[in-house]
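Q: I am new to this structure and would like a close look at one part of it, namely its salt bridges, beginning from a single side chain. Please take your time, and once they are clear, follow the leads from them to whatever lies alongside.

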Amino acid sequence: MAAVTIKSEWEIQLMREAGRLLAQVHEELAKAIRPGISTKDIDVACEKLIRGYGCTPNFLHYEGYPASVCVSVNDEVVHGIPREDRILEEGDIVSLDMGLIYRGYHSDAARTYGVGRITPEAEKLIKVTRESFFRGIGMARAGRHLHDISNAIADYVLSYGYGIVHDLVGHGIGTSLHEPPYIPNFPQRRRGIKLKPGMTLAVEPMINQGTGEVEWLDDGWTVVTADHRLSAHYENTVLITEGEPEILTLL
Ligand code: MF3
Ligand code: CO
């Protein structure tokens, strides 16, 4: 695998701006989530917001992906393709995963929301998934190792009896959406590479209510839980420093 890139101070400034703008897009879209809107409506709004900031949606046309955002509902884990006839309903949970390019630098972030009132069980899955990200990045600092992040996420999630998706992982990010290294969310025996200041990583636990097993739908993109129970996703682009990591995609 190619070497993990260390960003210069100037590149970090650009990554910060890419992250800040993406955080704003997420906040705007969060307000639009309600029963009755289609997943396509979310995509149209997303692309408009990203382009309105003078940026480019990095998911659009990525390996042929046809939209600016992945909108994954209920048992859909990731890569749900927006559709006019996919209408959000009260009680659904919906994950929005998207990224943008600002002056050549990529950001990537995902959140899961409840649509209207949702069950306490769904609420808990979303909360634990989000918290697992924070447990993970508690280990994301210079001197620690990559898999300290993975193990912290996994320990936390497994203590709730949830399933961790193994088939998809987090990743480095910079002048490409996906750079080395892979960042698994499940337990690792080896320590992985040593973390260094200037690394930028997209940490993204994908957590299932039931087992971690997933399947691909015939559209070639949508990943669903094999047992059709719920799945949640939480992701931010993070900068490694000597101290606390800097979360670039949160305001
Ligand atoms: N969900 C992936 C990630 O967060 C990227 C999806 S690429 C797309 O890294 F083509 F599906 F949009
Ligand atoms: Co990602």
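**Starting at Arg 16**

A: Arg 16 has a relative accessible area of 27%, and therefore counts as partly exposed, where buried means under 20%, exposed means over 50%, and partly exposed covers what is in between, with a 1.4 Å probe and protein chains only. Arg 16 belongs to a network with Glu 9 and Glu 246, joined by salt bridges that share partners; a salt bridge here is a side-chain nitrogen of Lys or Arg within 4 Å of a carboxyl oxygen of Asp or Glu. Within that network, the bridge between Glu 9 and Arg 16 has its closest N and O atoms 3.8 Å apart.

The model is predicted, so local features need pLDDT of at least 70 and side-chain atom pairs need 80 or more, while totals for chains, interfaces and linings use all residues. Side-chain values use heavy atoms without hydrogens or water, residues are numbered from 1 along each chain, and chains are lettered from A and ligands numbered from 1 as written.

How many salt bridges does the rule give? The count comes to 11, and two further examples can be set beside the one already described. In one of these, Glu 179 pairs with Lys 7, and the closest N and O atoms are 3.0 Å apart. This pair ties together distant parts of the chain, since Glu 179 stands in strand β8 (residues 179–183) whereas Lys 7 lies in the segment before α1 (9–32), 172 residues away; helices (H or I, at least four residues) and strands (E, at least two) are DSSP runs numbered from the N terminus. Are the two partners buried or exposed? Glu 179 has a relative accessible area of 12%, and so is buried, and Lys 7, at 7% relative accessibility, counts as buried as well.

The other example joins Arg 144 to Asp 148, with the closest N and O atoms 4.0 Å apart. Arg 144 has a relative accessibility of 37%, which means that this arginine counts as partly exposed.

The strand that holds Glu 179 is worth following further. Pro 181 is found in β8, and the peptide bond that joins Pro 180 and Pro 181 is cis, with omega at about 0°.

From here the path leads to the pockets. A pocket is an open set of points, on a 1 Å grid over the protein atoms alone, where a 1.4 Å probe fits and protein lies on both sides within 12 Å along at least five of seven lines; lining residues have an atom within 4 Å of a point. The largest pocket is lined by 25 residues, and those that lie nearest its centre are Tyr 62, His 79, His 171, His 178 and Glu 204. Two elements, β7 (170–172) and β8, give two or more residues to this lining. The strand already met through Glu 179, β8, gives the largest share, four residues.

Around the second largest pocket there are 13 lining residues, of which Arg 111, Thr 112, Tyr 113, Arg 130 and Tyr 234 are the closest to its centre. At least two residues of that lining come from each of α1, β5, α3 (120–137) and β13 (231–233).

Two of the residues nearest the centre of the largest pocket, His 171 and Glu 204, return as donors to a metal. The cobalt ion (ligand 2) has as its protein donors Asp 108 (OD), His 171 (NE2), Glu 204 (OE) and Glu 235 (OE), which lie 2.0 to 2.2 Å from it; donors are N, O and S atoms within 2.8 Å of the metal (3.2 Å for Na, K and Ca), and sites may look incomplete because water is not among the atoms. Along the chain, the donors follow the spacing D-x62-H-x32-E-x30-E. Asp 108 and Glu 204 thus link distant parts of the chain: Asp 108 is in strand β5 (residues 105–114), Glu 204 is in the loop between β9 (200–203) and β10 (206–208), and 96 residues separate them. Asp 108 counts as buried because its relative accessibility is 2%, and Glu 204, with a relative accessible area of 6%, is buried too.

Two loop residues complete the tour. Glu 63, in the loop between β1 (56–57) and β2 (69–73), has a positive phi, near 50°, in a residue other than glycine, and at 67% relative accessibility Glu 63 counts as exposed. Asn 74, in the loop between β2 and β3 (76–78), also has a positive phi, of about 55°, although it is not a glycine.
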